[in-house]
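Hi,

Here is the structure I promised to pass on. Have a look at it first, and my notes on what turned up follow below.

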Amino acid sequence: MSLTKLDSKSFEEKIYDNGERCLVIFSRKSCHVCKEVVPVLEELAPNYEGEFGFYYVDVEDNKELYQTFSLRGVPQILFFNEGEYCGKFAGEVEEEQVQAKISEILG
C-alpha cells in the first residue's frame with residue numbers, strides 16, 4: 001500500500017497541527033471493498049502530490065482513532081482541510097466522486 005499509514009500521533013500532527021488538506025481512508029486488511037477502494041486512491045495520489053495528502057488508518061491497529069469519529073463499517077474516507085472535517089464517503093466509491101470532492105476542497 002503506497003498510501004501513508006497514520007496512527008493516533010501522526011494523525012494528530014498531519015490533520016490538526018499541520019492543517020493539511022487531505023483524505024484519510026479507514027480500512028481493514030481483510031475487507032473486500034477496501035481492497036477495491038484503496039487502489040483507486042493509490043492511483044489518484046500522484047496527481048495531487050504536494051497539494052493534497054492521501055493517508056490510511058488500519059482500524060484493527062487504531063481502534064481508538066476509528067471510534068473517535070463514531071464510524072460504522074469500512075471503508076470510510078474522511079476529508080479534511082486546515083484541521084476541519086469536510087465530509088466523508090462510505091463503502092465503494094468512484095474515482096470521479098473522490099476527484100470532485102478534492103477539487104471542492106482545493107477550491
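To start with a small puzzle: is S70 buried or exposed? This is a predicted model, and in it S70 is exposed, because its relative accessible area is 56% and exposed means over 50%. You'll find S70 in the loop between α3 and β4. Its backbone stands out too: S70 has a positive phi of about 50° without being a glycine. As a reminder, most residues other than glycine have a negative phi, and most peptide bonds are trans.

That same loop, between α3 (63-68) and β4, also holds P75, and the peptide bond leading from V74 into P75 is cis, with omega near 0°.

E82 is another one to check. Its phi is positive, near 50°, and it isn't a glycine either. E82 lies in the loop between β4 and β5, and it is exposed at a relative accessible area of 63%.

Now for the inside. The largest nonpolar core has 20 residues, and L23, L41, F54 and I77 have the most contacts within it. Two or more residues each come from β2 (22-27), α2 (32-44), β3 (53-58), β4 (76-81) and α4. The biggest giver is α2, with five residues.

Back on the surface, E36, E92, E94 and E96 form a negative patch. Of these, E92 sits in the loop between β5 (84-90) and α4 (95-106) and is exposed, with a relative accessible area of 55%.

Cheers

Definitions and conventions:
Residues numbered from 1 in each chain as written. Predicted model: local features only at pLDDT ≥ 70, side-chain atom pairs only at ≥ 80, totals over all residues. Heavy atoms only, no water. Patch = residues over 30% accessible without salt bridge, like charges linked within 9 Å, V, L, I, M, F, W, Y side chains within 5 Å. Areas by Shrake-Rupley, 256 points an atom, 1.4 Å probe, with all protein chains shown as cover. Salt bridge = Lys/Arg side-chain N within 4 Å of Asp/Glu carboxyl O. Lys, Arg positive; Asp, Glu negative; His and termini not counted. Charge placed at Lys NZ, Arg CZ, Asp CG, Glu CD. Helix = DSSP H or I, 4+ residues; strand = E, 2+ residues; numbered from the N terminus. Buried < 20%, exposed > 50% of the residue type's maximum accessible area, 1.4 Å probe, protein only. Core = buried A, V, L, I, M, F, W, Y, C linked by side-chain atoms within 4.5 Å.
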